[in-house]
Amino acid sequence: MYKNLSDNLKLPELEKQVLDYWKENNVFEESINQKNPNKYYTFYEGPPTANGLPGIHHVIARTVKDIICRYKTMNGFRVERKAGWDTHGLPVEVEVEKSLGIKSKSEIIEFGAVEFNNKCKESIFKYLSEWEILTERMGYWVNLESAYVTFHNEYIESVWWALKKFFDANVMYKGFKIQPFCPICESPLSSHEVAQGYVDLKDPSIYVKFKIKSGKYINSDFLVWTTTPWTLPSNVALAVNPKFTYVLIKTGNEQFILCKERLSVIKDEYEVIEEINGSELEMIEYEPLFNFFTLEKKSYYVTVGDFVTLEDGTGIVHIAPAYGEDDYNIGLKYDLPVLQAVSKNGLFREEAKPYAGKNFKEADISILEDLKKSGRLYKKEMFTHSYPHCWRHKKPLMYYATDSWFIKTTSYKDKMIEFNKMINWNPEEFGTGRFGNWLEENKDWALSRNRFWGTPLPIWYYENEDGEIVYECIGSIEELKKKAVNFNEIYPDDSSFDLHKPYIDNIKLLSETGKEMTRVPEVIDCWFDRGAMPFDQYHYPFENKDYFESHFPADFIAEGLDQTRGWFYSLHAISSFIFDKPAYKNLIVNGLILDKDGKKMSKSLGNVVNPFEMLEIYGADILRFYLVFSSPVWKSKLFNIKDLGEIKNKFFDTLINTYKFFVIYSNMMDFNYGKDTFIDVEKRAEIDKWIISKLNTTKKLFFEELDNYDITKAARILYDFTIDEVSNWYVRRNRKRFRTPESESDKFSSYCTMYEVLIEIAKMTAPIAPFISEKIFLNLTDGKSSIHLSEFTSPDDKVISEELENQMALAQKIVYLVRATRVKNNLKVRQPLRQLLVPVLNEEEKLSLLKIKDIILEEINVKELKIVEGDSGIIKKKAKPNFKSIGPKYGKEVKKAQALITGLSNTEIMKIELEGLIDKDGFRITLDDFEIITEDIEGWLVEKSENITIALDTKLDDELITEGIIREFINRIQNYRKNSNFDVNDRITIEMKTDTKISEIIKNHEKLISAEVFCDSINELKNSENDVYITDINETECILKISKTKTKGE
RNA sequence: GGGUCAGUAGCUCAGUUGGUUAGAGCGCGUGCCUUAUAAGCACGAGGUGGGAGGUUCAAUUCCUCCCUGACCCA
């Protein structure tokens, strides 16, 4: 006996039962432990941050990961899956700042670094339980208990080890660079952080007049363009391109110098007075716009540089070395002072009096107004551009000169590019295109952060006799203990040992030369923590040396495409340098999830999909299936709840009902799959062999796609097979056989086949929809193991028969054609017809057709299939040109050849068939040049599609009509039974009232009808009672009263 | 401004060495089938294959330019 699924099955409920089953039986652990430790498949989990709620986009990434891991497990691999949590970095600090109402760095110091970091530690796992619930509920198998956590001392120690590798190899350096800087964080941001925060901004774009102080052009102004008015108080120079031609013009009563190519910016009429080479302008002095600072170095003159372009502006740019990379570099070249009117917190300094205390961006407008008042503003425009913002604070960044530690990734860029070619990217273009470009344009990794909550940069320093700063990098806790002078003072016992700030800041080291060393104040970019996870998660090299080395690189990782510059890069950058190979071999990138209209999900738009809600309504199976099935995973997905319902109706309901169908009848037949009932595939019925062949072909394709990491294609193959081949053809075709098998062996043949098909479908479904597949598997087996502990069997080539599959495809095509003919001629399928004619062109076709004859006839309710052979004379043959053959042959003449071939007569075609070719109108037509199709059969109702033609005999005689009526009658009774919810086994009695012709026919065939509908007696309806069922048969009214037979004792 | 991807029916998506009727599902209309199925089938409506050029006997497919959207970079 097989257990059935309940009629009002609720998938989310079923899933919860399965979850309990897994837990009780440790199925996940078992699925790993039972495998051979030497046959492993390595997966790395990218650590999420648990201080925010998980969203639907986390579900897709986790679904992708889980599918591949489960698939590999079912292929016999040991797939260990260690979870991880990302705990460091600004996101955490920002959350804490919010909760404390802190807005700047100085407030943190006031609050106390110890307390602040404690708060961070507390906040990290604010939503841990939500994450764990989601993980478990969606069926994502990952080992949460052994999760690595980036703030643990061991984790930090491994990061230090890695940092020291960079330091010792001299690829870590302290530099002074213009960096994107968040004034609220008061910290520079790495380029991959900047990448996350571009926002469209409307900014002023202004043309400013700089008055020339002396020399030939004394009464003229330089016309200068800028989009950052707030940098003007820090201006110390101008720059022109020495290669451009500049002009002195007169417009109104003013004279300007600007680039000749940029004259279009002049709004009024003008007259060119003189052309000047850019290089001639060098060193011309001008009057400063503001006088806030007294400068010691020479300033306020024209410099030259190639970075000045013709794209916008006037060809003259203003230079503020503190706030731009080009500016800074030219400042170095000319030894310009670095003026900083705006300080690190984004506010104007005291000295810049009218603007003192103002935010840099907000000061733009006042500066504009002041320039206008002093007559220095030529014109003002507003323009929209995308400007980098802090990805957490959502506030504009400043470009700001700060000192910072870097990893010189540019020094091994070529290696990274080379290693990238070894990685199997899915989709491929992301690797070659997006990631590849990123590597090509690689910049040094800005590693340090002037923050609190992060892995401390393990660098200590002292000043030597020559006044030089000497740095030393610490690579392990042991080294720290050894070199520290006050270790026990700072960390009196084990419980106080914490490598974070501010404790670590108090540790002093003793240098080899006997000097006391102090730690630098910075922490590191938390992307480094994440990118170090391959070895860090095992506390390598301090522990698990062998294990790590054999489990590196990863066979597989997967994340969203937003990780291209994030995790994918940091893994690659660290691994390329330290281990001299890529960190992962295969990866799947998934796209963003947008709402159903293609808009980004955001709280403000209220279009955010809550994953917990989806899991509650539809369940994990449907959600998972939808996410990978509906569109390729790497594409942006337009999430439409409606489509989840479709997945349920189509795939899951079909699968479940196919299963239920099998269970109902196998229990009725007392069938149990096993030795006693097993029949070799070779001995099974043709249609059973067919579905087994199809099954194996499907498995082959399915495995191919998944081995190729194409989950979507695999899911679609499974979907089509289950619905089209199994449910809509195999099961539907065989319902009668299941109910009333011809023989014992026929019964076993069909039931064995069905059982095997169901098990195999369940197995293929298992990685994608792990719950329902588990339930079906458990019900069909002894119920003690798990589908996830089972393994795939390879497709069996011996049972695949292309011939058989083609034959069935032919049968299906013929059936569709006959149905179409019936519809067009208003002939219901219930009305039997005499015969069907199918022309064949050769012996092979004829044999195929004979094999599938019965299937066709039964399906379309026709008595006889007549095969008409090609040479019988009644078929009209037609030639259809084969362009692949005639195209290259005739080139421009192809149209003529086409006409010629289409016009070939029946006899001409037969001649080519016999002789192989024909010469006509200068063309030599051979058999390859066309396909023969049968166009028409004289005197018949013909239907054709592609190269199949059928003809249907639609004449009805008394016998056929009688049979039709009987079928109609049976149909009415069955409909009634179904609509009245009679049990399949209920026996009934029928009373009826209709015209004499129909009555007679029914009476005469009472036995046959009764057997079909489980009826005990058919009598005439005497009284017209109320609860009768009025219907019609072939437009004749028929009144029926159908009741359950009363059994004795009732 | 640059890069990657995408643009095919109202919606979601298929479609490869370039080959002549561009498909499916959902939705819509009509009819049909069926006691496993909220399923299925047939017919119909719905397409200038984003636009413009080019290569070719032949372009949804290859090339160029442009437009739109998403993501990324500057």
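**Exercise 1. Work out how much space the largest cavity holds and what lines it.**

Solution. Start with the volume: in this predicted model, the largest cavity holds about 80 Å³ of space. Next, look at the wall. Eleven residues line the largest cavity, and Gly89, Leu90, Arg449, Ile524 and Cys526 are the ones nearest its centre. Now ask which elements contribute: helix H4 (90-100) and strand S22 (523-524) each supply at least two lining residues. Finally, sort the lining by class, and you get five nonpolar, one polar and five charged residues.

**Exercise 2. Do the same for the second largest cavity: find its volume and its lining.**

Solution. The volume comes to about 60 Å³. Walk round the lining and you meet Tyr41, Thr42 and Phe43, then Glu80, Arg81 and Lys82, and finally Tyr538, Tyr547 and His551. Split by class, that lining has four nonpolar, two polar and three charged residues. As for the full tally, there are four cavities of 30 Å³ or more.

**Exercise 3. Describe the second largest pocket and say which helix gives the most to its lining.**

Solution. Volume goes in at the top: about 2100 Å³. The lining has 44 residues, with Tyr665, Arg735, Lys736, Arg739 and Gln974 closest to the centre of the pocket. Helices giving two or more residues are H22 (641-668), H24 (711-739), H28 (843-860), H32 (958-979) and H34 (1006-1013). The top contributor is H32, with nine residues. By class, the pocket lining breaks down into 14 nonpolar, twelve polar and 18 charged residues.

**Exercise 4. Is H12 roughly parallel or antiparallel to H13? Back it up with the angle and the contacts.**

Solution. Take the geometry: H12 and helix H13 (residues 428-440) pack at about 170°, their axes 10 Å apart. Angles over 145 degrees count as roughly antiparallel, so H12 is roughly antiparallel to H13. On the H12 side, the contact uses Lys413, Met416, Ile417 and Asn420; these meet Gly431, Phe435, Gly436, Leu439 and Glu440 in H13. Four nonpolar, three polar and two charged residues make up this contact.

**Exercise 5. Now work out how H12 (residues 413-420) sits against H19 (residues 567-578).**

Solution. The two axes come within 10 Å and cross at roughly 115°. Roughly perpendicular covers 65 to 115 degrees, so H12 and H19 fall under that heading. For handedness, H12 passes H19 in a right-handed crossing. Then list the partners: Lys415, Met416, Phe419 and Asn420 in H12 meet Tyr569, His572, Ala573 and Ser576 in H19. By class, the H12–H19 contact has four nonpolar, three polar and one charged residue.

How values were computed: Residues numbered from 1 in each chain as written. Chains lettered and ligands numbered in written order. Predicted model: local features only at pLDDT ≥ 70, side-chain atom pairs only at ≥ 80, totals over all residues. Heavy atoms only, no water. Axes fitted to C-alpha atoms, helices over the stretch in contact; angles between N-to-C directions. Helix = DSSP H or I, 4+ residues; strand = E, 2+ residues; numbered from the N terminus. Parallel < 35°, antiparallel > 145°, perpendicular 65-115°, else oblique. Left-handed = near helix turned anticlockwise from the far one by under 90°. Contact = heavy atoms within 4.5 Å. Nonpolar A, V, L, I, M, F, W, Y, C, P; charged D, E, K, R; others polar. 1 Å grid on protein atoms, 1.4 Å probe; cavity = no way out; pocket = protein on both sides within 12 Å on 5 of 7 lines; lining within 4 Å. Points joined across faces, edges and corners; volume = space filled by probe spheres on them.
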